[in-house]
Amino acid sequence: KRIPQEGLEVLERAGIQITIWEEDRRPTQKELIGHCKDKHALLFSGGHTLLNREFLSQCTHLKVLSLMSAGYDHVDIKAAQEFNIPVTNTPDVLSEATADTAFLLLLNVTRKAFHHHKRILTGDWRSNSAGSDLGVEIKRKTLGIYGLGKIGYQMAKKCVKCYDMKLIYYNRGRNEEAEKDFGAVKVTFEELLQKSDVISVHCALTEGTKKVFNMAAFSKMKPSAIFINTARGQIHDELDLIEALEKKLIWGAGLDVCDPEPMENNNPLLKMATVAVLPHIGSATEETRGAMARLAAENVVAGVSGKPLLTPIWTSSSPNPV
């Protein structure tokens, strides 16, 4: 993907020669390796092309691998460490925009907005009768956050402040800021599933979180519960999610991520009235993408000039991934 002008300007001011992948498709791994052979840095905004051991082993000359994303599950960090290639990402700057998307999905699901929009596209403007095809409200209900970091905090803020929702969360550690600001209560995963009216996922994709929301998890949720995922598609088992919705084990779902991605256009989720699906637009605002590009470019400038990186995932001076 071509990065926003804000990032290019940072690189140009630093006198860095830029080569841009211009084609409207993702490069193959072979093509990406070829383009990096004589380069000092890679600023990567290309989605989920795997930056794996094979790629890294042939690009050990890179002084920095700068990701224009917060997630880095598509990078083999252990291989990057082995080949001494520093890796950076763009955390924090996309927190509010991604939380906005989670909130957008939640409201769309509760009022069946996508479903009703599809009706009017067919000329169906009929008002709902008193008891049919109605949405639900979330005021004073319980929000469960799975992964209460910066994005989860912003989602919690919207739900608590706008809808007076009670906040519970599942995390490896405590989030004392959220506990102070919103009265958040840390719970077990089992409690999160059983007590939440809405579960919103905001964690990284790891071996521990991969498909953690499966049939076993959905079957423990309330039949009235709503599942929101704006993190990574592989955190939920999509076939299990479909089955849980069809069997009415949960009420609805809002997804900005899916597995596989992109979703097939015949996926049953796209036809369900209580499901809203977006094409991974969590950070897709002019302001946020501009800020991500600037930060990614600043990491490139720092890396090629031998200065400390702004947001390292791994460097030789910081050996443990953050």
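Here are three short exercises on a predicted model, each with a worked solution.

**Exercise 1.** Work out how the reach of helix α12 compares with the span expected for its residues.

*Solution.*
- Start with the helix itself: α12 covers residues 286-304, which is 19 residues.
- Next, take its reach from first C-alpha to last, 27 Å.
- Finally, compare: at 1.5 Å a residue the expected value is 27 Å, and the reach of α12 is close to that.

**Exercise 2.** Find which residues of α12 are buried, and name elements that cover them.

*Solution.*
- Look for residues with under 20% relative accessible area, since that is what buried means.
- In α12 these include Gly290, Met292, Leu295, Asn299 and Val300.
- Then see what lies over them: among the covering elements are α1 (5-13), β1 (41-44) and α5 (95-110).
- Just past the helix, look for Gly306, which follows α12 and has a positive phi, near 75°.

**Exercise 3.** Take the salt bridge between Lys112 and Asp133, and decide where each partner sits and whether each is buried or partly exposed.

*Solution.*
- Begin with the distance: the two side chains meet at 3.2 Å, N to O.
- Place the partners: Lys112 is in the loop between α5 and α6 (113-121), while Asp133 is in the loop between α6 and β4 (142-146), so the bridge ties together parts 21 residues apart in sequence.
- Check Lys112: its relative accessibility is 10%, so Lys112 counts as buried.
- Check Asp133: its relative accessibility is 28%, so Asp133 counts as partly exposed.
- For context, the structure holds 15 salt bridges.

Conventions: Residues numbered from 1 in each chain as written. Predicted model: local features only at pLDDT ≥ 70, side-chain atom pairs only at ≥ 80, totals over all residues. Heavy atoms only, no water. Helix = DSSP H or I, 4+ residues; strand = E, 2+ residues; numbered from the N terminus. Expected span 1.5 Å × (residues − 1). Buried < 20%, exposed > 50% of the residue type's maximum accessible area, 1.4 Å probe, protein only. Contact = heavy atoms within 4.5 Å. Salt bridge = Lys/Arg side-chain N within 4 Å of Asp/Glu carboxyl O.
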